[in-house]
Amino acid sequence: MFSFCTNPETLDSLRWLACYTTTPKHANLYVSVVVVLVLLAITAPTALGFGFAGATAARSRILPLRWLGKAYISIVRGVPDIAFFMFFVIALDQAIEWVRHQVVCPDWDEPIRQGNDFIVCAAAKMPLSQAPQWVHETYGFFLAVLTFAIVFGAFAANVLYGAMNAVPRGQIETAEAYGMTRRQSFWRILVPQMWVYAIPGLSNLWMVLTKATPLLFLLGVEDIVYWARELGAWANPNFTAYPHDDWRMWYFLVLLAFYLGLTRVSEIVLERLMTRLSKGQATTGGEVLRKAAA
Amino acid sequence: MKKIVLTAISAALAGGMALAADTVRLGTEGAYAPWNFVNDAGEIDGFERELGDELCKRAELTCEWVKNDWDSIIPNLVGGNYDAIVAGMSITDERDEVIDFTTNYTPPDPSSYVAKSDGVDLEGGVVAAQTGTIQAGYIAESGATLVEFSTPEETIAAVKSGEADAVLADSSFLAPIVEADAELQFVGPNVALGGGVGMGIRESDGELKEKFNTAIQSMKDDGSLNELIAKWEVSSQF
């Protein structure tokens, strides 16, 4: 990176550190920070969408839909994340390839399942095996987003389901008295008011999600914890120009600072959101706001 | 040449794909110097990188390297994320039930113990090994207390910190570490494990296996494989 980096052994410690932290290997750590943040930014709203759909289905008047919502919430919440990641992602990947196989190669005569192996024709591979590596990585990334969204969506669904039930019945009754349809009272009365009950539960989920990213490595997406461990591990002088002792403690301290920072930022944002949502609500929080304003 | 078979999940969820593709994707761990590791330039390097590139050249294949966690390296092979495992994987019967192996590209070599002092109890003490390796399987049966770690360098760190009395791993992996670290030394007798290291291939990929077998044989015949082994000091020679 820097011009003085050609012979690291001769450098003083500050320059050595400057060279060390700018090797292409180290850049992986910085990239993984971005990957994790992008993943969180995409996953959180997607999971919330799944949660909202799940909660709405679970309290639907249509029986099969209600079953579907409740089954989603209880099954996904009950399966360990790691098993879900191992099973669901592989199953989803195979399902996609199976469908593509049926469409692209209708005259394929060999069985798709041969013992352990799952064989589809080359044109049905997802992504195609000659596709560049970044396509594979992006595909893996979106599989990860989807899996995270489904898992965390189930928890969010349960939180939202509870929040919807926590809105005082009197509010809905009033809406009905004004002649609103069920749909209108849902969107205009229930949904705007339920968030204040949902935020504490959702903020817990968000915090857990920010720390669940090491699961990504099961899908081949390398996160910050993976790189901190790899880079911090004792570096053998035989295989690197920058040998060092076991520095994992320092790397993990940096990770600690990163996560605490992320937590602090999240707390500030969530607190503001909570204040905003409490305004005018018949809750203790809303009452405090009313008194402060008066 | 570490490592045993993965969980039943791998077998149950196995998937794959047809061979006809133009690009052969090679999966490796990237954390097992000198076999395979990530160099300062951020690229996969080591004995298996050079070997794999040469084999692909001889077999007239276009190859691409993929890094994958050791724990899920077999499920992702049968799941079709890549077409071959080139990750210092010893040929064992348990693994052979799930995937196929090419002929070995290094001879069966002993594993060794490394500890901080000479007097440690290898039979009854605490011994570290990487999860899912042939060494971990061996320790579990030897009577010593096994502590498992998911990456190779964590097993070394455990010995240095005193968490484990010794570590059992491939001699070739331990040798450069012992050489560079005055605190550590080889102890006890060597243990013969596994049937040499080969490439892991899906059982349905017979054609690819044959291509690599031919390429490996040609490298054995002209001595270039022995040269590579000597260069990286990964094992004894053929």
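**Chain B, its cores and its partner**

Chain B has nine helices and 13 strands, taken as DSSP runs (helices H or I, at least four residues; strands E, at least two) numbered from the N terminus. The model is predicted: local features need pLDDT of at least 70, side-chain atom pairs count only at pLDDT 80 or more, and totals for chains, interfaces and linings use all residues. Residues are numbered from 1 along each chain as its sequence is written, and chains are lettered from A and ligands numbered from 1 in the order in which they are written.

Me: What radius of gyration does chain B have?
Reply: The radius is taken over C-alpha atoms, and the globule rule is 2.2 Å times the number of residues to the power 0.38. For 238 residues the rule gives 18 Å, and chain B comes close to that, so it is as compact as a globular protein of that length. The value for chain B is 17 Å.

Me: Which helix gives the most to the largest nonpolar core?
Reply: A nonpolar core is a set of buried Ala, Val, Leu, Ile, Met, Phe, Trp, Tyr and Cys residues joined through C-beta atoms within 7 Å. Buried means 20 or more other C-beta atoms within 10 Å of the residue's own, with C-beta atoms placed from the backbone; exposed means 12 or fewer, and partly exposed is in between. The largest core has 67 residues, with A129(B) among those with the most contacts inside it. Five of its residues come from one helix of chain B, residues 206-221: α8.

Me: Which element gives the most to the side of chain B that touches chain A?
Reply: Contact means C-beta atoms, placed from the backbone, within 7 Å. By that test, 44 residues of chain B meet 38 residues of chain A. Elements giving two or more residues include β1, α3 and α7 of chain B. The top contributor, with four residues, is α6(B).

Me: Which strands are the edges of the open sheet β2-β3-β4 in chain B?
Reply: Strands pair if DSSP finds at least two bridges between them. Two bridges join β2(B) to β3(B), running antiparallel. A31(B) has F37(B) as its bridge partner in β3(B). The strands that pair on one side only are β2 and β4 of chain B.

Me: How far does helix α9 of chain A reach from its first C-alpha to its last?
Reply: The expected span is 1.5 Å times one less than the number of residues. With 31 residues, α9(A) is expected to span 45 Å. Its reach is close to that, at 44 Å.

Notes
Contact = placed C-beta atoms within 7 Å.
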